[in-house]
Amino acid sequence: MFRRKGIAGKNKEIGWFSVKNEAGVYMVDLFDGKAADWDSGDMKQKLSKAIGAAIVNQVPLKAGMQVMDFGAGTGLVCSYIAPHVAKIAAVDISPSMLGKLAEKPELQGKVDIICQDILAQPLKDSFDLIISAMAMHHVEDTDKLIHSFANHLRVGGSIALADLDHEDGTFHPADIEGVYHDGFERHILKAKFKNAGFSDVQFKTAITILKDGKAFPVFLLVATKG
Ligand SMILES: C[S@@+](CC[C@H](N)C(=O)[O-])C[C@H]1O[C@@H](n2cnc3c(N)ncnc32)[C@H](O)[C@@H]1O
């Protein structure tokens, strides 16, 4: 079920369920037109499979773990992690993407669906592990996001975060809304995670996406809080 608490709520102009940002303004669901066909994209399937496998290989998952998937979308990566852990809080600001996640039989009883901007209103829960796939480049303030990750983790908890390595700006269409970063430089991210209280910050290449004759590597960052 959707968690309908906090600042998320009903809004006549935008939809039956939408989310307020830090300024108290309802945000448009930028993935509304993409959610229906998201899972049928071959690249999305390959990407989530590779990221799911990289997380399973790099993080010692345990049956009792409480996990947050930040920017969970339709739950493609959740589906690879859910069988190994107790519960996943699927956090996203897109009602349409979470709506597709909510329909998946394999995730019933394994996910709490939370449509909320956790940068504006943090969750009260803390987690053993945060996972995130291809969501960080959609958040303008990277430092704030990384500190929010730290605040949502128990001491000794881990983060496993996948996103694009720094690219030339051609991965997304030029006119796309809501993309704030052309990937990330690994050494800069490492410094930011250390500054937010993470240790043992490691990178692996989870997959390299080939698109229009160009190679776009996707990293998996793994780090521990404290
Ligand atoms: C490229 S999609 C990736 C979805 C999913 N992780 C996957 O791998 O298929 C990015 C997701 O991040 C979500 N997102 C963007 N900004 C967010 C924010 N501030 N808080 C939570 N989710 C956000 C979007 O709504 C979208 O579902």
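A residue counts as near a molecule or strand if its C-beta atom, placed from the backbone, lies within 6 Å of it. The ligand in this predicted model is surrounded by 21 residues, and the closest are G71, G73, S94, A133 and H138. Because the model is predicted, local features need pLDDT of at least 70 and side-chain atom pairs count only at pLDDT 80 or more, while totals for chains, interfaces and linings use all residues. Residues are numbered from 1 along each chain as its sequence is written.

**Ligand shell**

- Helix 1 (42–58) and strand 5 (87–92) are the elements that give two or more residues to the shell around the ligand; helices (H or I, at least four residues) and strands (E, at least two) are DSSP runs, numbered from the N terminus.
- The shell divides into 13 nonpolar, 5 polar and 3 charged residues. Ala, Val, Leu, Ile, Met, Phe, Trp, Tyr, Cys and Pro count as nonpolar, Asp, Glu, Lys and Arg as charged, and the others, Gly among them, as polar.

**Confidence**

- The average pLDDT of the protein is 91, and 92% of the residues score at least 70; pLDDT is the predictor's confidence in each residue, from 0 to 100.
- Residues 4–16 have a pLDDT below 50, and this stretch has 19 contacts in the model beyond near neighbours in sequence. Two residues are in contact if their C-beta atoms, placed from the backbone, lie within 7 Å.
- Where pLDDT is low, the predicted coordinates should not be read in detail.

**Overall fold**

- The protein has 5 helices and 10 strands.
- Its C-alpha trace spans about 45 × 40 × 35 Å along the principal axes.
- The radius of gyration is 16 Å, which agrees with the value near 17 Å for a compact globule of 226 residues; it is taken over C-alpha atoms, and the globule rule is 2.2 Å times the number of residues to the power 0.38.
- Of the contacts with a separation of 6 or more, 65% join residues 24 or more positions apart.
- Buried residues make up 38% of the 226 residues. A residue is buried if 20 or more other C-beta atoms lie within 10 Å of its own, exposed if 12 or fewer, and partly exposed in between.

**Strands 8, 9 and 10**

- Strand 8 (residues 153–164) runs antiparallel to strand 10 (residues 214–225), with 7 bridges joining them; two strands pair if DSSP finds at least two bridges between them. In strand 10, L221 stands opposite L161.
- Strand 9 (residues 198–211) also pairs with strand 10 in the antiparallel sense, over 11 bridges. T205 stands opposite F219, and Q202 stands opposite V222.
- The hairpin of strand 9 and strand 10 has 2 residues between the strands, and D212 takes a positive phi near 50° there.

**Helix 4**

- L145, I146, S148, F149 and A150 are buried in helix 4 (residues 142–151).
- The buried residues of this helix pack against strand 7 (127–133), strand 8, helix 5 (186–195), strand 9 and strand 10.
- I146 counts as buried because it has 23 C-beta neighbours inside 10 Å.
- Not counting residues up to four places away in sequence, I146 touches K192, F193 and A196.
- The C-alpha atoms of I146 and P60 are separated by 21 Å, and the two residues are 86 residues apart along the chain.
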